[in-house]
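Dear colleague,

I am handing over the structure below for your reference. Please look through it first; my description comes after it.

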Amino acid sequence: MDVVVNEQKYTTYRFLEIEDIKQYVRSLDLFPEPEDIKVIEVSDGKINHVYRLYNEFRSIIFKQAVPYARVVGESMPLPIDRVRVEAEVMALYEKIIPKSVPSVLHLDVVMAVVVMEDMLPLEVGRTALINGSESAHFAADIGKMSAEVLFKTSDFYMPSSDKKELQARLANPEMRQLTEQLVFDWPYSDHETNECEDGMRNEVKFLSQDQRLLLEVAQLKHKFMTKSDGLIHGDLHSGAIFTGENRTVIFDTEFALFGPFGFDLGQFIANLFLNGIAFPEFKEKRFEQAKETWYAFVETFSNLWQNNTNERYTKVDGFYTIIMEEIFTDLIGYAGCELVRRAISIAQIPDMNTEEDEDLRMAARKKVLELGKYMIMERKQIHSLEQLSQWFQASR
Ligand SMILES: Nc1ncnc2c1ncn2[C@@H]1O[C@H](COP(=O)(O)OP(=O)(O)OP(=O)(O)O)[C@@H](O)[C@H]1O
Ligand SMILES: [Mg+2]
């Protein structure tokens with residue numbers, strides 16, 4: 001990976017317009033015949049500017065960060081260093097699991113630019129889940145990949161000092177703080193950024209007054225802030241994954257940091273649940289996929305635990321069970337938080353908003369909220385996903 005390339009004209013950060021981008025990329029020697037490069041903007045997220053650059057020989061993705069969230073504007077400042085984190089984390093994933101991310105072709109930390117492999121014709125996971133076109137191995141792949149990355153960046157695998165150094169490089173403090181606000185604070189404080197139909201305002205207000213719920217969210221947030229089990233993606237929703245027959249790919253790693261083992265899987269499984277609740281024809285399938293994710297995670301994690309560790313205490317009877325139970329409880333809690341925030345916060349997703357009938361849309365949102373609260377409150381009593389099966393029966 002080309003870590004920093006700065007020709008003289010790119011020594012100070014500035015936002016690059018389309019013509020600048022073409023010129024910038026021509027200097028990188030990525031294209032044969034770079035004169036006829038075409039550029040289209042493909043940004044569909046909320047944070048960065050993303051473009052496809054192509055000619056008849058090649059197609060690549062060019063992503064530039066602005067010092068704030070693109071769709072919100074300067075009132076939500078964000079560090080441009082997130083691009084370095086994104087590229088370094090992708091490079092690390094690639095090292096641990098080849099082809100698990102788009103390959104990074106170029107990183108420029110001054111201009112906050114990352115250039116990467118174009119994943120077309122793979123489909124973004126969220127679109128695939130809405131269309132029902134995800135691969136049969138999509139969910140299990142995510143379980144396996146998560147286990148591999150988490151285990152191999154944890155103290156069960158990395159030498160202690162190497163892990164602490166990596167952790168410091170990927171501290172990602174401002175993005176971490178944004179996650180804390182987006183996931184744990186704003187949905188539970190009747191915040192101005194919350195979004196939902198007017199008919200649900202009371203439910204949203206009540207979230208900020210429900211002391212029993214707040215006590216549980218407080219613990220989940222505290223654990224997110226203080227526990228550094230392994231490298232987590234930090235935003236592993238279905239829109240941060242590509243799916244195809246031959247390859248499942250994770251991307252958009254700008255929120256990555258060291259956090260609790262159960263966080264990513266919780267978010268991923270919650271996004272399966274959300275899709276199943278919004279599209280009842282997929283309800284049972286999404287529940288099955290959630291189980292596939294978890295089983296694949298357990299299989300990979302336990303294999304690594306048995307065969308690929310130097311940590312002496314992994315041999316102590318009972319320790320594995322303690323760790324797995326904790327991961328599962330956290331997964332359920334963090335999935336609950338993801339359900340709540342996707343139902344009523346600024347982090348709206350197409351799954352929850354494609355239904356045109358307001359009553360039906362609101363009914364789905366209420367159901368997601370109800371399940372989310374249940375999972376947060378009851379997580380210590382939930383010991384298997386099967387215990388949630390009644391929420392995903394076709395008749396409900
Ligand atoms: N490597 C890639 N190959 C093909 N398409 C890509 C690639 N990276 C990004 N895209 C497209 O650009 C869109 C936006 O990318 P991405 O999610 O990385 O941007 P973002 O601004 O960081 O989004 P978010 O607000 O979710 O953080 C993706 O949904 C996808 O359609
Ligand atoms: Mg992003």
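What follows is a description of the chain, its domains, its sheets and the surroundings of its ligand.

Please bear in mind that this is a predicted model.

Overall form

The protein chain contains 13 helices and 12 strands. Its C-alpha trace extends over about 60 × 55 × 40 Å along the principal axes. For 396 residues, a compact globule would be expected to have a radius of gyration near 21 Å, and because the protein chain has 21 Å, the two agree.

The domain assignment divides the protein chain into domain 1 (8-117) and domain 2 (123-392). Between the C-alpha centres of domain 1 and domain 2 the distance is 27 Å. Domain 1 contributes 15 residues to the contact, and domain 2 contributes 17 residues. On the side of domain 1 that touches domain 2, 10 residues are nonpolar, one is polar and four are charged.

The five-stranded sheet

An open sheet is built from five strands, with antiparallel pairing and the order β1-β2-β3-β7-β6. Its edges are β1 (38-41) and β6 (104-108); each has a single partner strand, so one side of each is left without a neighbour in the sheet. From one strand to the next, the twist averages 20°.

At one of these edges, β6 runs antiparallel to strand β7 (residues 113-117), and four bridges join the two. Within this pair, V104 is placed opposite M116 of β7. Helix α2 (residues 82-96) packs on the sheet and touches β6 and β7, its direction making about 150° with that of β6.

A further helix, α1 (residues 18-26), lies across β1, β2 (49-54) and β3 (59-64). Helix α1 runs at about 130° to β1. In the loop between α1 and β1 one finds D29. This residue, D29, has a positive phi of about 65° although it is not a glycine. By way of background, most residues other than glycine have a negative phi, and most peptide bonds are trans.

The three-stranded sheet

The loop between β7 and β8 contains P121. The peptide bond joining L120 and P121 is cis, with an omega of about 5°.

Strand β8 belongs to an open sheet of three strands, whose order is β8-β10-β11 and whose pairing is antiparallel. Here β8 (123-124) and β11 (248-250) are the edge strands, each with a single partner strand, so one side of each has no neighbour in the sheet. Strand β10 (residues 241-243) pairs with β11 in the antiparallel sense over three bridges. T243 has T248, in β11, as its bridge partner. Helix α4 (residues 138-152) lies across β10 and β11, and its course is at about 50° to β11.

The surroundings of ligand 1

Which residues come nearest to ligand 1? Of the 20 residues around ligand 1, these are G45, K46, N48, P102 and M119. By character, the shell around ligand 1 consists of 10 nonpolar, four polar and six charged residues. Both domain 1 (8-117) and domain 2 (123-392) take part in this shell, each supplying at least three residues.

When you go through the model, you may wish to begin with the two domains, domain 1 (8-117) and domain 2 (123-392), and then turn to ligand 1, whose shell draws on each of them.

With kind regards

Technical notes. Residues are numbered from 1 along each chain as its sequence is written. Chains are lettered from A and ligands numbered from 1 in the order in which they are written. This is a predicted model: local features need pLDDT of at least 70, side-chain atom pairs count only at pLDDT 80 or more; totals for chains, interfaces and linings use all residues. A residue is near a molecule or strand if its C-beta atom, placed from the backbone, lies within 6 Å of it. Ala, Val, Leu, Ile, Met, Phe, Trp, Tyr, Cys and Pro count as nonpolar, Asp, Glu, Lys and Arg as charged, and the others, Gly among them, as polar. Domain bounds come from an automatic or database domain assignment. Two strands pair if DSSP finds at least two bridges between them. Axes are lines fitted to C-alpha atoms, for helices over the stretch in contact, and angles run from 0 to 180 degrees between N-to-C directions. Two residues are in contact if their C-beta atoms, placed from the backbone, lie within 7 Å. The radius of gyration is taken over C-alpha atoms; the globule rule is 2.2 Å times the number of residues to the power 0.38.
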